[in-house]
Amino acid sequence: LSQNTFQFFGMPIMSIGNIYAAAEKDGLEDVVLDENGVYRRAVLKDGRLIWILSVRDIKRFGLFAGVVRSGIKVNSIKDRLVGNAFGFTDLPKEFRQEMLTKPG
């Protein structure tokens with residue numbers, strides 16, 4: 001899983017997932033947020049998050065990495081996924097329970 005965080009001219013940026021798969025466009029869906037100086041683009045394939053880019057807001061890096069890595073379906077929450085209020089409780093209950101009880 002490709003994961004990057006860096007600063008570009010003082011702006012924090014994160015990228016998580018497979019950018020090459022996200023560039024293909026066949027069967028992919030883009031969900032974009034561009035407001036109040038925050039830009040976030042999520043790319044879904046078959047309802048699963050395969051890549052996300054966030055500029056100026058990288059607070060949920062670990063959460064997004066977990067969603068990409070798990071391959072859970074997020075199409076029912078795709079609009080909240082890129083929103084500023086997205087959080088752990090937006091994810092399916094089964095996924096939350098697994099994340100909280102998994103050893104390691």
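The side chain of Arg-96 reaches the backbone oxygen of Thr-89 at 3.0 Å. Arg-96 belongs to helix 4, and the model in which this contact appears is a predicted one. Apart from residues up to four places away in sequence, Arg-96 touches Phe-88, Thr-89 and Leu-91. The points below go from this arginine to the sheet, to the helix packed on it, and to two buried polar residues.

**Arg-96**

- Is Arg-96 buried, partly exposed or exposed? Its relative accessible area is 22%. Buried means under 20% and exposed means over 50%, so a residue between these limits is called partly exposed. Arg-96 is therefore partly exposed.

**The sheet**

- Five strands make up an open sheet, and their order across it is 1-2-5-4-3. The pairing is antiparallel.
- Which strands stand at the edges? They are strand 1 and strand 3 (28–35). Each has a single partner strand, so one side of each has no neighbour in the sheet.
- On average, neighbouring strands of this sheet are turned by 15 degrees against each other, with direction ignored.

**Strand 1, strand 2 and strand 5**

- Strand 1 and strand 2 run antiparallel and are joined by six bridges.
- Along this pair, Phe-6 stands opposite Ile-13 of strand 2, and Phe-8 has Met-11 of strand 2 as its bridge partner.
- The hairpin of strand 1 and strand 2 has two residues between the strands. In this hairpin Phe-9 takes a positive phi, near 50 degrees.
- Strand 2 also runs antiparallel to strand 5, and five bridges join the two. In this pair, Ile-16 has Ile-52 of strand 5 as its bridge partner.
- How many of the seven residues of strand 2 are buried? Five of them are, and the strand is mostly covered.

**Helix 2**

- Helix 2 packs on the sheet, where it touches strand 1, strand 2, strand 4 and strand 5. The direction of helix 2 makes about 15 degrees with that of strand 2.
- Helix 2 spans residues 61–70, and its buried residues are Leu-63, Phe-64, Ala-65, Gly-66, Val-67 and Val-68.
- In an α-helix there are 3.6 residues a turn, so residues three or four places apart point the same way.
- The partners against which the buried residues of helix 2 pack include strand 4 (38–45) and strand 5 (48–55). Helix 3 (78–81) and helix 4 (93–101) are also among these partners.
- Gly-71 comes just after helix 2 and has a positive phi of about 75 degrees.

**Arg-40 and Ser-54**

- Arg-40 is in strand 4. With a relative accessible area of 0%, Arg-40 is buried.
- What does the side chain of Arg-40 make a polar contact with? Its partner is the side chain of Asp-57, at 2.8 Å.
- A polar atom of the Arg-40 side chain also lies 2.5 Å from the backbone oxygen of Val-82.
- Ser-54 is in strand 5. Its relative accessible area is 0%, and therefore Ser-54 counts as buried.
- The side chain of Ser-54 reaches the backbone oxygen of Asp-57 at 2.5 Å. Asp-57 thus appears twice in this group: its side chain contacts Arg-40, and its backbone oxygen is reached by Ser-54.
- Setting aside neighbours within four places in sequence, Ser-54 is in contact with Pro-12, Ile-13, Met-14, Tyr-39 and Arg-40.

Note on methods:
Residues numbered from 1 in each chain as written. Predicted model: local features only at pLDDT ≥ 70, side-chain atom pairs only at ≥ 80, totals over all residues. Heavy atoms only, no water. Buried < 20%, exposed > 50% of the residue type's maximum accessible area, 1.4 Å probe, protein only. Helix = DSSP H or I, 4+ residues; strand = E, 2+ residues; numbered from the N terminus. Contact = heavy atoms within 4.5 Å. Pairing = 2+ DSSP bridges. Axes fitted to C-alpha atoms, helices over the stretch in contact; angles between N-to-C directions. Polar contact = N/O pair within 3.5 Å; in protein donor to acceptor, adjacent residues only side chain to side chain.
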